[in-house]
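I opened my notebook to look at how some strands pair up, and then at a few backbone angles. Here is what I jotted down along the way.

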Amino acid sequence: IIKSQNFKHAVSSKINMQKARKIAFAPHVNIGVFSLEKSSSVWSVWQNNLKETLTHGRIFGSEGLAINLSVYVDNVDTEFLPLGCNWIASNVLPKFDEVKKEFVEPYLPTVILAGGLISKLGSEEQKNSIIPEIISGNIRCAFAYAEPQSRFDLNDVKTSAVLNGDDYVLNGFKSVVFGAGMASHLIISARTEGEQRSESGITLFIVDTKSEGLTLQNYPTIDEYRASEVIIENLKVSKDNVLGEVNMAYDAIEEIVDISTIAACSEAVGILQVLKDSTTEYCKNRKQFGQSIAKNQVIQHRLVDMMIEYEQAKSILYMAVTADLSNPDERRKAVSAAKARIGKAIKFVGESAIQLHGGMGVVDEYMVSHYFKRATMIGVLFGNTDYHMKRYMTLTQSGISSSDEAISVSVT
């Protein structure tokens with residue numbers, strides 16, 4: 001007896017029996033890992049299948065069924081991702097784009113975080129040996145800096161590195177290391193001197209993920225990405241694998257994390273636009289009591305509020321991108337102002353999108369739930385709204401000598 005989810009849905013949607021049999025025992029492709037550009041060569045294939053599934057089927061699940069038909073019946077190229085990830089169309093999210101010759105994922109951990117640190121601190125030998133390999137896709141890096149007690153404070157480092165002859169011996173624990181399970185190398189921050197929360201005394205080390213003394217516990221995050229807990233026990237690292245000067249890594253870490261925060265904010269603003277546009281379109285098409293729900297004034301007010309939040313988020317992102325990032329004080333203020341404001345927009349636009357979609361907003365078969373989860377994760381990545389609001393307030397008040405002077409905060 002065939003009880004496949006795909007098969008039953010295909011039959012109920014009056015899909016050709018031959019097609020239904022093809023997907024009967026195939027692994028289900030989760031829409032959460034499927035995102036297609038209109039410029040894609042297989043866009044028309046997906047659209048034709050979606051039209052067919054919607055003609056006789058239910059709205060709920062039709063997108064997922066159309067994806068499975070595209071992959072298993074129309075032979076859209078697929079590849080299997082590691083760590084138990086679902087099947088995914090290779091032209092949708094390839095690990096390496098053969099046409100553009102570009103490495104795609106994990107982009108933020110490898111290119112911006114790790115690549116930025118190597119470019120900033122690495123010796124000429126390290127840059128010449130590692131960066132070309134990152135570009136080719138042969139090396140994938142992740143930055144292990146967060147610890148269970150550190151929250152968002154980059155200077156709170158308990159992981160220790162003790163010099164023993166020509167090697168450093170590392171011991172400690174790193175939390176929520178994004179992309180570590182896919183990485184060939186890790187950049188680990190460790191304390192070589194000073195107190196736990198001192199900004200001085202932090203050193204970076206490049207290590208192979210297969211090194212003895214390094215254990216990774218991999219898991220999925222709520223946005224269907226992958227992160228790892230990294231256990232470091234008597235890990236020996238050569239002095240040649242030190243990145244930059246010993247004890248002097250903090251300023252570079254802060255700068256690269258700030259730049260990565262701007263990159264994450266850019267992704268968030270793109271997500272907000274999708275949530276705003278898709279919610280507006282849904283409200284126009286969703287009919288209740290014989291008319292579109294978008295004709296209700298209260299719905300119109302909410303859609304306008306979503307648009308305003310999106311526009312404010314986009315504007316403050318432009319401010320951060322165009323700020324003088326070479327000036328540490330200006331960079332810190334611009335980044336925290338943007339992250340705090342965009343974090344508020346994520347909460348309002350995301351929750352409004354879910355509310356206006358109703359039950360459809362939380363099902364896996366519909367894109368809104370996945371965009372919302374990704375936006376939520378970005379909201380706490382590199383510091384949540386409260387953290388960056390506090391940081392911004394501290395930076396902008398640092399030069400005020402009198403409590404009687406007015407304080408102007410542009411992120412409220």
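**Entry 1: the hairpin.** I began with strand β6 (residues 160-164) and strand β7 (residues 167-178), which pair in the antiparallel sense over five bridges. All of this is read from a predicted model, so I keep that in mind. To have one contact to click on, I looked up Ala161, and its bridge partner in β7 is Leu170. Two residues lie between the strands of this hairpin. Gly165 takes a positive phi there, near 70°.

**Entry 2: the other partner of β7.** Next I followed β7 to strand β11 (residues 226-238). These two are also antiparallel, and nine bridges join them. For a residue pair to display, I picked Tyr168, which stands opposite Val237 in β11.

**Entry 3: moving to β9.** Which sense do strand β8 (residues 185-191) and β9 pair in, and over how many bridges? I found the antiparallel sense, with seven bridges. Ala190 has Thr203 of β9 as its bridge partner. I then checked β9 against β12 and noted two bridges, again with the strands running antiparallel. Here Leu204 stands opposite Leu243 in β12.

**Entry 4: is β9 buried or exposed?** I wanted to know how many of the seven residues of β9 (residues 202-208) are buried. The count is six, so the strand is largely enclosed by the rest of the structure.

**Entry 5: a positive phi after β12.** Staying with β12 (242-243), I walked along the loop between this strand and α7 (250-285), where Asn247 is found. The phi of Asn247 is near 75°, a positive value in a residue other than glycine. Why does Asn247 count as buried? Its relative accessibility is 17%, and the cut-off for buried is under 20%, so Asn247 falls on the buried side.

**Entry 6: another one between helices.** My last stop was the loop between α10 (367-380) and α11 (385-397), where I found Phe382. Phe382 is not a glycine, yet its phi is positive, at about 60°. I checked the accessibility here too: Phe382 counts as buried because its relative value is 10%.

**Note to self.** For my next session at the screen, I have bookmarked Gly165 in the hairpin of β6 and β7, Asn247 in the loop between β12 and α7, and Phe382 in the loop between α10 and α11. I also want another look at β9, with its bridges to β8 and to β12.

Note on methods:
Residues numbered from 1 in each chain as written. Predicted model: local features only at pLDDT ≥ 70, side-chain atom pairs only at ≥ 80, totals over all residues. Heavy atoms only, no water. Helix = DSSP H or I, 4+ residues; strand = E, 2+ residues; numbered from the N terminus. Buried < 20%, exposed > 50% of the residue type's maximum accessible area, 1.4 Å probe, protein only. Pairing = 2+ DSSP bridges.
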